[in-house]
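Reader: I'm new to this, and I keep meeting labels that nobody explains. Could you go through a few of them with me?

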Amino acid sequence: MMTLTFKNVLTATEGQIGVVTLNRPSVLNALSHELMEELVAALEAFDADDNIRVIILTGSERAFAAGADIKEMSDETSVSIMLKDRFATWDKVKNIKKPIIAAVSGFALGGGCELAMTCDIIIASESAQFGQPEINIGVIPGAGGTQRLTRALGKYKAMEMILSGRPMTASEACDRGLVNKVVPVELYLDEARALAREIASKPPLAVRMAKEAVLKTYDVPISEGLQFERKNFYALFSSQDQKEGMKAFLEKRPASFVGR
Ligand code: CO8
């Protein structure tokens with residue numbers, strides 16, 4: 001992991017936490033294709049690294065990301081953009097198995113809002129704003145906004161945001177369940193780190209299966225989701241960590257998890 005160097009993203013490890021920082025400040029972290037490819041490479045490397053248990057995805061104080069790169073897209077045609085299959089990288093972000101905490105400050109607009117929503121937990125600074133302004137440039141959200149924002153906020157608020165292009169403040173996003181917690185700007189990364197460390201202390205296989213089961217709710221009717229949950233529950237009983245976790249509880253001592 002440490003040998004990977006990128007142009008548009010920075011990576012760092014802090015104990016069992018992998019941090020990926022979007023780093024195209026001159027364009028407010030606009031999500032070019034090159035940036036997305038590097039982002040996926042960084043996330044996949046952390047996902048494959050046994051020493052990493054949780055990933056934090058962040059941007060700068062001024063911008064998490066102001067959307068897909070409009071300059072790069074402006075001359076595309078329906079056919080050219082389809083043939084380039086730009087959403088393949090987005091699908092890979094969705095398929096990361098370890099939990100991803102988005103630490104969001106400043107603009108999270110268009111693809112930036114969609115990227116945050118593709119993460120599992122969103123911690124925001126007071127300056128964060130979330131929006132889907134694509135309507136202002138003649139298109140609509142393309143990386144999940146119409147679906148994920150609607151699941152998060154309900155039909156009426158999502159419709160208002162997507163049709164008007166108006167952004168939402170961090171505190172409103174938090175009140176409505178799109179954001180987990182809002183903190184002053186100097187604290188949002190620390191808040192994300194604290195939560196990441198807590199999750200990193202849990203048994204990794206259970207964390208992985210819990211994430212998978214929660215996400216299943218987006219894809220299937222509840223009867224199938226319940227079956228899926230049950231199978232993951234059963235499967236964890238063949239892990240060492242289930243034996244250790246339950247034994248430690250009964251012996252009134254802290255558990256020591258190995259991820260097997
Ligand atoms: N793409 C490219 N460049 C951008 C983008 C962007 N999304 N956002 C900002 N920039 C650039 C600006 O052009 C400017 O560059 P320069 O200094 O060379 O003029 C620089 O960043 C700073 O921006 P501003 O001067 O505009 O800064 P302000 O503080 O005045 O305004 C805003 C900040 C309000 C965030 C403003 O920049 C803005 O409205 N940006 C565009 C927001 C937007 O419309 N986002 C949606 C884009 S479409 C999308 O995301 C679809 C996603 C679907 C996935 C697609 C996969 C292929």
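**How the labels are earned**

Author: Sure, let's start with Arg166 and Glu160, whose side chains meet in a salt bridge at 3.6 Å, N to O. Keep in mind that this is a predicted model, where local features need pLDDT of at least 70 and side-chain atom pairs count only at pLDDT 80 or more, while totals for chains, interfaces and linings use all residues. Residues are numbered from 1 along each chain as its sequence is written, and side-chain values use heavy atoms, leaving out hydrogens and water.

Reader: What makes the contact between Arg166 and Glu160 a salt bridge?

Author: The rule asks for a side-chain nitrogen of Lys or Arg within 4 Å of a carboxyl oxygen of Asp or Glu. Here the N to O value is 3.6 Å, so the pair passes. By this rule the count comes to 15 salt bridges.

Reader: Why is Arg166 called exposed?

Author: Exposed means over 50% relative accessible area, buried means under 20%, and partly exposed is in between (1.4 Å probe, protein chains only). Arg166 has 54%, so it counts as exposed. Glu160 has 34%, so it is partly exposed.

Reader: What does the salt bridge between Asp50 and Arg260 tie together?

Author: Those two side chains meet at 3.7 Å, N to O. Asp50 sits in the loop between helix 1 and strand 3 (54–58) and Arg260 in the segment after helix 12 (240–250), so the pair ties together parts 210 residues apart in sequence. Helices (H or I, at least four residues) and strands (E, at least two) are DSSP runs, numbered from the N terminus. Asp50 is exposed at 63%, and Arg260 is exposed at 51%.

Reader: And where do Asp190 and Arg193 lie?

Author: Both are in helix 9 (residues 188–200), 3 residues apart, about one turn of the helix. Their side chains form a salt bridge at 2.7 Å, N to O. Asp190, at 41%, counts as partly exposed, and Arg193 is partly exposed at 22%.

Reader: How do you know that the buried residues of helix 4 line one face?

Author: The buried residues of helix 4 (residues 87–94) are Thr89, Trp90 and Val93. Seen down the helix axis, they fall within an arc of 100°, so they line one face. That arc is taken from the directions from the helix axis to the C-beta atoms. These buried residues pack against helix 1 (33–48), strand 5 (100–104) and helix 5 (111–118), with contact meaning heavy atoms within 4.5 Å.
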